[in-house]
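Biologist: Please show me the model. I would like to go through the ligand site and one helix pair.

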Amino acid sequence: MTVYSAPVEDMRFVLSELLHAETLTELPGYEEATPDLVDAVLGEAGKLCEEVLLPLNRSGDEEGCTYENGVVRLPSGFKEAYEAFVQSGWGSLSADPEYGGQGLPATLGAMVKEMACSTNISLAILPGLTEGAYHLLERWGSDEQKAKWLPKMVEGAWAGTMCLTEPHSGTDLGLIRTRAEPADDGTYKITGTKIFISCGEQDATENIVHLVLAKLPDAPAGIRGISLFLVPKFLVKEDGTLGPRNGVSCGSIEHKMGIKASPTCVMNFEEAEGYLVGPPHKGMRVMFTMMNDARLAVGMQGLGLAEIAYQSAADYAKERLQGRSLAGAKAPDKPADPIIVHPDVRRMLLTMRAYTEGGRALAAWTALNLDIAAKHPDEAARQEADDLVSLLTPIVKAFLTDIGSECANLGVQVFGGHGYIREWGMEQLVRDARIAQLYEGANGIQALDLVGRKMGQHTGRLLRRFFHPGMAFIEAEMENPAMQDFVLPFAKAFGRLQQATAWIAQQGLRDPEEAGAAASDYLRLFGLTALAYLWARMAAVALKKAGDDETGFYKAKLATARFYMTRILPQTSGLFAAIMAGKKPLMDLEAELF
Ligand SMILES: Cc1cc2nc3c(=O)[nH]c(=O)nc-3n(C[C@H](O)[C@H](O)[C@H](O)COP(=O)(O)OP(=O)(O)OC[C@H]3O[C@@H](n4cnc5c(N)ncnc54)[C@H](O)[C@@H]3O)c2cc1C
């Protein structure tokens, strides 16, 4: 079976020693987020994930969800586990106390999400979607809507969904056909079919709050004509109690590759009562609040699965006896050495470890800036943090889900044939990780967001939020002899990223297809370089602590940092060459010759 112990020590290291997250207590509203409280939350949430969520991960995969006459049931034990999760407050960690939340930083919430996704991604999706819907309503809802819907969502009694996709409209949401007809009483009648709706129907919550994209009768064509509506499963009476069933129902659930314990629903809206959220025709802008939240959350899914794949593979590699070390027997009393002696197995384990710990630092850095953007008293500081979050969001989503999938596959490889059969749980991780690269904007679309929107925004202001601290770090550490192994490779990758950025910006202006052709390689180059920046900073911390290292934690950090710089970061050289080759090798072949 997979093994998992919440990586609380590494989370503490990232939060406290790398990012000094205790400074969050200086922000208004976060005074209570002291290191002691952070420790307690990580410890308690980790325990629940290990003891309640993980034991259901395999059974949930095998049993799956069931559909009967419009009723969808989660696998056995899921409702109870969901209740335990929300009753412990983990679903409402960062929600405003005004609505019953705990008002804790998103940085801490990100760590809890990672643990939940490691142990049971299917279950984690349900409160994750509700949190995204909460943020959307908190930002765009009227006071009346907030008072009516948010407290029950924060409590976890009502769940949220996002209803965008239609059969003919996936990435291209301008094509949606769902209609919203104004009724006489200020409400709307929503009619249409949405597909692939995660948790569109389930039996764990009393009510479901669907956030639905639809078009008003006078809507402009395409993406500019979309509005957003709140459509509940059950109507809610004036006194807050549940009224009759609304005209929304689940037509079927999908049979799919992974996340089998998370229902993926076809949702039929038949003159369902809905309420406009935000201005008419501005639904995409409104939905982006939830989409940005979901993109970061999906990045945590990739990271969480990479972590459990790593832990399981490392554990197995220390036990499995096959072959002898090329340097001479390491366990001469046993019939063979454990496979961890083999360089190739170490390559796989260290790759997983370097991606996972680096990815955690990247996710936490992004979440910390989300908190600064939300709470800092100084507007310039808020703007700066918001810029960095905007820049990093597509990278967190795409790069962390790519490495999630890669690490899950490496995990199977470490187990050999035993990884491929079901018994050990490793093949489930591969199947579960795959979706995160697809939904919430396929990773290719994230790359286009990075080069097409984020790169040029405010004449490169967003990019400078990364380039300036990166450059300052290089200048500060370049002459430090102890840092040479880290700062030199980072500086090289940084230079490649800068050159590639300038090239794409220039070529893209002349020919957008050039930017499109470079996009995915550029996002990977950016992700690898961002991890190098964080690995170099982690190495700087670990070097200072090397003398005070009883457990070997800092020694392992330095070894992993060296591995990252020498064995992974050189990928940036190949990516740079691929970017510079331009669009021609991609576009020359006529479509009919494929
Ligand atoms: C399990 C599951 C759960 C889901 N949950 C939800 C949910 O809760 N709510 C919801 O609304 N949707 C949900 N989705 C839908 C998901 O977000 C879409 O599948 C996704 O957005 C991609 O749309 P598509 O599948 O139609 O692919 P398409 O849009 O057809 O894309 C196919 C491929 O073409 C590429 N492509 C498309 N357009 C472009 C372009 N302009 N430039 C470059 N490449 C392009 C894409 O990157 C992709 O690789 C879910 C899907 C699944 C499978």
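Modeller: A polar contact here is a pair of N or O atoms within 3.5 Å. The model is predicted, so to speak for local features we need pLDDT of at least 70, side-chain atom pairs count only at pLDDT 80 or more, and totals for chains, interfaces and linings use all residues. Residues are numbered from 1 along each chain, and side-chain values use heavy atoms, without hydrogens and water.

Biologist: Which residue has a side-chain N or O atom 2.9 Å from a nitrogen atom of the ligand?

Modeller: Backbone atoms make other contacts. A polar backbone atom of M162 is 2.8 Å from a ligand nitrogen, and a backbone N or O atom of L164 is 2.9 Å from a ligand oxygen. The side-chain contact, at 2.9 Å from a ligand nitrogen, belongs to S198.

Biologist: Which strand gives the largest share of the shell around the ligand?

Modeller: The shell holds 18 residues, each with a heavy atom within 4 Å of the ligand. β3 (158-163), β5 (188-198) and α12 (443-454) each supply at least two; strands are DSSP runs of E, at least two residues, and helices of H or I, at least four. The largest share, three residues, comes from β5.

Biologist: How are α15 and α17 oriented, roughly parallel or roughly antiparallel?

Modeller: The axes, lines fitted to C-alpha atoms over the stretch in contact, come within 9 Å and cross at roughly 155 degrees. Angles over 145 degrees count as roughly antiparallel, under 35 as roughly parallel. Therefore α15 and α17 are roughly antiparallel.

Conventions: A polar contact is a pair of N or O atoms within 3.5 Å; within protein, one must be able to donate a hydrogen and the other to accept it, and residues adjacent in sequence count only if both atoms are side-chain atoms. Axes are lines fitted to C-alpha atoms, for helices over the stretch in contact, and angles run from 0 to 180 degrees between N-to-C directions. Angles under 35 degrees count as roughly parallel, over 145 as roughly antiparallel, 65 to 115 as roughly perpendicular and the rest as oblique.
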